[in-house]
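Work through the exercises below with the model open beside you. Try each task before you read its solution.

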Amino acid sequence: MLVAAVLAAIPSFGQTVNSDSWAATDALGRKVRSYEDAPQKKDGKFVAMFYWTWHREENCQPMNISEVLRQHPEALKDYDHPAWGPSRPGCFYWEQPLLGYYSSTDRWVLRKHAEMLADAGVDAVFFDCTNADLTFKDAYEALLETWDKAQKDGVNVPKIAFILNLCPAPTTNASIHEIYKDLYKPRRYENLWFFWKGKPCIMAYPESLDDSSESREIADFFTFRPGQPDYVNGPAPGRNDQWGWLEDYPQHGYVATTDDGGNTRYEQVTVGVAQNTSPDVNGHAGAFNVKDSYGRSFSVRKGFDPRTEGYLYGWNFSEQWDRAYELDPELVFVTGWNEYTAGMWRIPGWNGDPFSFVDEFDWDHSRDIEPNKGWGDRGDVYYLQLVDRVRKFKGMTPAEPATGEKFIRINKFCDWDEVGPYFASYKGNTAHRDSRGRTGDLHYTNKTGRNDIVGAKVARDDEYVWFYVETAERLTPKTDPHWMQLFIDVDRDKATGWNGYDFVVNRVSPGGKAFLEKNDRNIWQWETADKCKYFKKDNRLVIRISRKALGLSDGPLDIEFKWNDNMQEEGSIMDFYVNGDTAPGGRFNFVYKTE
């Protein structure tokens, strides 16, 4: 109790996270745009993401299509090949998600999703309930509970909505009554509802409702936007209340209005990573495992990316975003985050031979943005492309300017009171994982969460640079492995250092002084550059580094940095998404720039 009382008395500098001010460069060397390359933050612009809550079947044994075909390419033409496993349609993943074959009720995963989507500027997620009357209550309950807590911890979590059947159907009536009675009527988690035009939004056909009194309540309660099922880029939608979810380029604008100047304005435009269609089905939905299907590497304007790994570069995704900028709607609907799975079907009407993988297939023919394991350190290229494109669509807020030079006494925390900016990070994200996976024989644990990093500052004078970090609770002993590491990119050039980081502090546990190590190569190989003074007390740590040791002059600074506690896989940049705590998360870096 005494420790808690002491820490409660220590002031925190703040907890407002501005991910717009963070920098990132992907594995292909592409920088996420900064404030200088984006418009000022715009009012009335929203991004929604298609999100799947159905990863929950107990009898589902995940089969990785990409792995099967790498080992058995002949299986592509053999429905009965033993490599496909014993069951059909089965539970086939185009690749393993970075966080494993998780269950949609895994709260550890759901918290990470909340932060990644918030950092990307996503305003809403729409749960896929388009099949029969399935609403996956256990999954959305777990998500709502987790995101409610994350919101209280300072995460600007996306709001939630549902997509029901993509046509008028009796099952819509059943599912909409279920979620209304369970969630909306008792006004549970109202802080997480996505409102549109003054009411909670739902993608559903109102004519599916029956004539009961509760149906009349429902009809008045929601803003309905029925889901347009087809992808074809022909005539405009037949009714002006629909929204799309996926279309071929050039996409339509949905819910058109005309302003006083005679200009057409749109509520919504879809943006997809890829489309499971091809010329032989004339732009309608079909199988992904067919020749010339419109995968990640496809562009209507440019054709197929000829590079061996063209699927990494996102021609399709970029082209679709270009169309969204052209139509400039209120809301962009992105497909999608985490579907990952497809059944192996032999159904007349689908065009695969001898079977169809309809929604997902392989590295090129898939449409998930959530980072994956199969691409190694490139598994987040679409996530960072999303961040970049959202910043252009919604605009950005400028970073808080750095305060002037100041000498910091290493053991006097009061010297930091007037130093800015404060680089905030999320509180409450070091809980341990202990959850079953997608099937009963999969179980995931992760106990690496340790020091919960909540904020940082930087100060400088003409001789030293000081780095300050604070955690939610008292710091663990400095002898812990991988304890409170500071990564610094002094030249903001990703071609130098390990993933751009030219220096690291505390890779080697500190003793009387902390070790500053330098990296002159692009691999995880460090050499001692200097020993630095540091001061640790309760939940705060300060490190002083000489400018000379960092190779910096006494002039202005323009550096990137991040804090990490309890890295597990040394040399893997993707570890920053998974283990311990990282501020800021993933590939993001704080930027400290002085005039």
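Four exercises follow, each with a worked solution, and the model they use is a predicted one.

**Exercise 1. Two sides of a helix**

Task: Find which residues of helix H6 (residues 213–221) are buried, and state what they pack against.

Solution.
- Step 1. Buried means under 20% relative accessible area. In H6, Glu214, Ser215, Ile218 and Phe221 are buried.
- Step 2. Look down the axis. These residues lie on the same side of H6, because they cover an arc of only 120 degrees around the axis.
- Step 3. Turn to the other side of H6. Arg216 and Asp220 are exposed there.
- Step 4. Look for the partners of the buried residues. They pack against helix H5 (170–184), and also against strands S7 (199–203) and S8 (223–224).

**Exercise 2. A pair of helices**

Task: Describe how helix H3 (residues 107–119) and helix H4 (residues 137–152) cross, and list the residues that meet.

Solution.
- Step 1. Recall what is needed. Two packed helices are described by the angle between their axes and the distance between the axes.
- Step 2. Take both values. The axes of H3 and H4 come within 9 Å, and they cross at roughly 55 degrees.
- Step 3. Classify the angle. Roughly parallel needs under 35 degrees, and roughly perpendicular needs 65 to 115. H3 and H4 are therefore oblique to each other.
- Step 4. Give the hand. The crossing of H3 and H4 is right-handed.
- Step 5. List the residues. H3 brings Arg107, Leu110, Arg111, His113, Ala114 and Leu117. H4 brings Ala142, Leu143, Glu145, Thr146, Trp147 and Ala150.
- Step 6. Sort the residues of this contact. Seven are nonpolar, two are polar and three are charged.

**Exercise 3. A residue in a strand**

Task: Locate Val334, decide whether Val334 is buried or exposed, and find its contacts beyond four places in sequence.

Solution.
- Step 1. Val334 sits in strand S13 (residues 331–335).
- Step 2. Its relative accessible area is 0%, so Val334 is buried.
- Step 3. Leave aside the neighbours within four places in sequence. Val334 is then in contact with Val47, Ala48, Met49, Phe50, Val271, Phe317, Trp321, Ile369 and Leu386.
- Step 4. Check the spacing to Asp353. Val334 and Asp353 are 19 residues apart in sequence, and their C-alpha atoms are 29 Å apart in space.

**Exercise 4. A residue in a loop**

Task: Place Asp211 and decide whether Asp211 is buried or exposed.

Solution.
- Step 1. Asp211 is in the loop between S7 and H6.
- Step 2. Exposed means over 50% relative accessible area. Asp211 has 68%, so Asp211 is exposed.
- Step 3. Compare sequence with space. Asp211 and Glu595 are 384 residues apart in sequence and 66 Å apart, C-alpha to C-alpha.

Key. Residues are numbered from 1 along each chain as its sequence is written. This is a predicted model: local features need pLDDT of at least 70, side-chain atom pairs count only at pLDDT 80 or more; totals for chains, interfaces and linings use all residues. Side-chain values use heavy atoms; hydrogens and water are left out. Buried means under 20% relative accessible area, exposed over 50%, partly exposed in between (1.4 Å probe, protein chains only). Helices (H or I, at least four residues) and strands (E, at least two) are DSSP runs, numbered from the N terminus. The arc is that of the directions from the helix axis to the C-beta atoms. Contact means heavy atoms within 4.5 Å. Axes are lines fitted to C-alpha atoms, for helices over the stretch in contact, and angles run from 0 to 180 degrees between N-to-C directions. Angles under 35 degrees count as roughly parallel, over 145 as roughly antiparallel, 65 to 115 as roughly perpendicular and the rest as oblique. A crossing is left-handed if the near helix is turned anticlockwise from the far one by less than a right angle, and right-handed if clockwise. Ala, Val, Leu, Ile, Met, Phe, Trp, Tyr, Cys and Pro count as nonpolar, Asp, Glu, Lys and Arg as charged, and the others, Gly among them, as polar.
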